[in-house]
Amino acid sequence: MQSIRLTTDEVKLLYQKHGATLAAYACSCGLDHAAAEDVVQQLFLKMLGEKTFAPQAPVAYLYRSTRNASLNLQRDRRRETDLPDTEPWFIHPNSSQVEVLTLQKALQELPEEQKETVFLKIWSGMTLQEIAEVTETPLNTVASRYRYALEKLRDHLGQQNKK
Amino acid sequence: MDPFDQETERYLREFQPRAIQPLEVGPKDKNTLSRRLAVVALLVLLAGTLLWFAHREAARPKEAANIRPEKENVARGRRFPSALALTRLALEDNEKLDSVLADQSREVLPTVQGKQSMLRVLAND
């Protein structure tokens, strides 16, 4: 895989395409939406500030960096206060907030690799093959993670619907 | 893909992440500006320091110049006879040589008459 240097316009384009999803991903790691936005903004500003920045797989790098920054921030904040789980970081035109919160809860409970795979596939629009490449994981493993994740989400959402 | 998976996938796609603010590149510009200001301030400080040193160095020769003329005046008063003249005197007139050397030694050697003379101080001790 070749190393590429991103221009300012390319970084801005990445932000437009993946910024909101990365913020939702940061929320799934335990941050509130405002903090998630800050984390994502800082990450992209850092990318803009570094002239020699050249990630081999920018999207995968963004996901990993978002996760690390979110977990670090969450660890620091947890000492101060517990955050409420009632803030929506997804929107759905026809669903109630309860449904949104149920999905968010289900996503939060997924193992990290499965959650990352779901975000990359569903909301970052990557194929399983692309995910395998950027995460340097065998395609079969990625496919399994995705399948297990969907199964768990379906179970979780189904249980909530039954309630 | 499993039809259940396809259905779940379709359902998940209906949810969209909440929009976020556009990327603000302002803080970076602010940082750049403050960095530039810091560099300018450093350069001004450096230039000021250099000027101060230059001024100080320029003042030193003046002090030396104030002192030097006195020394030069003293030196000018001394009319040392040339080595050739002294040799001639030594050969022709020993007494005159002695008197010339005595005169010169009075001018060249420090006097013991001054109040702050080191010889006087030592003599007192």
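Q: What makes the span of helix α5 of chain A close to the expected one?
A: In this predicted model, α5(A) covers residues 112–123, which is twelve residues. The expected span is 1.5 Å times one less than the number of residues. For α5(A) the expected value is 16 Å, and the helix reaches 16 Å from its first C-alpha to its last.

Q: Why is α5(A) called largely enclosed by the rest of the structure?
A: A residue is buried if 20 or more other C-beta atoms lie within 10 Å of its own. Ten of the twelve residues of α5(A) are buried, so the helix is largely enclosed. Among them are A:Val118, A:Phe119, A:Leu120, A:Ile122 and A:Trp123. Charged residues are also on the list, including A:Lys115, A:Glu116 and A:Lys121.

Q: What follows α5(A), and what is its phi?
A: The residue A:Gly125 follows α5(A), and its phi is positive, near 70°.

Q: Which elements of chain A have the highest and the lowest mean pLDDT?
A: The highest mean among the elements of chain A belongs to α5(A), at 94, and the lowest to α3(A), at 85. Chain A as a whole averages 85, and 87% of its residues score at least 70.

Q: How do you know which elements build the largest nonpolar core?
A: Members of a core must be buried nonpolar residues joined through C-beta atoms within 7 Å. The largest core has 43 residues, and those that touch the most other members include A:Ala23, A:Tyr25, A:Cys27 and A:Val40. Two or more residues come from each of α1, α2, α3, α4, α5, α6 and α7 of chain A. The largest share is that of α1(A), with eight residues.

Q: How many helices and strands does chain A have, and in what order do the elements run?
A: Chain A has seven helices and one strand. From the N terminus on, the order is α-α-α-β-α-α-α-α. Of the contacts in chain A between residues at least 6 apart in sequence, 65% join residues at least 24 apart.

Q: What share of each chain is buried?
A: In chain A, 34% of the 163 residues are buried. In chain B, the figure is 5% of 125 residues. Chain B has five helices and one strand, in the order α-β-α-α-α-α.

Q: How do you know that strand β1 of chain A runs with β1(B) as a pair?
A: Strands pair if at least two bridges are found between them. Two bridges join β1(A), residues 90–91, to β1(B), so the two strands meet that condition. The strands run antiparallel. One of the bridge partners is B:Gln16, which stands opposite A:Ile91.

Q: What makes up the side of chain B that touches chain A?
A: Contact requires C-beta atoms within 7 Å. By that rule, 19 residues of chain B are in contact with 28 residues of chain A. At least two residues each come from α1, β1 and α2 of chain B. The most come from α1(B), which gives six. By class, this side of chain B has nine nonpolar, three polar and seven charged residues.

Q: What confidence does the predictor give to chain B and to the complex?
A: Chain B has a mean pLDDT of 76, and 71% of its residues reach 70 or more. Over residues 69–73 of chain B the pLDDT is below 50, and beyond near neighbours in sequence this stretch has zero contacts in the model. For the complex, the ipTM is 0.81 and the pTM is 0.60.

Terms used. Residues numbered from 1 in each chain as written. Chains lettered and ligands numbered in written order. Predicted model: local features only at pLDDT ≥ 70, side-chain atom pairs only at ≥ 80, totals over all residues. Contact = placed C-beta atoms within 7 Å. Helix = DSSP H or I, 4+ residues; strand = E, 2+ residues; numbered from the N terminus. pLDDT = per-residue confidence, 0-100.
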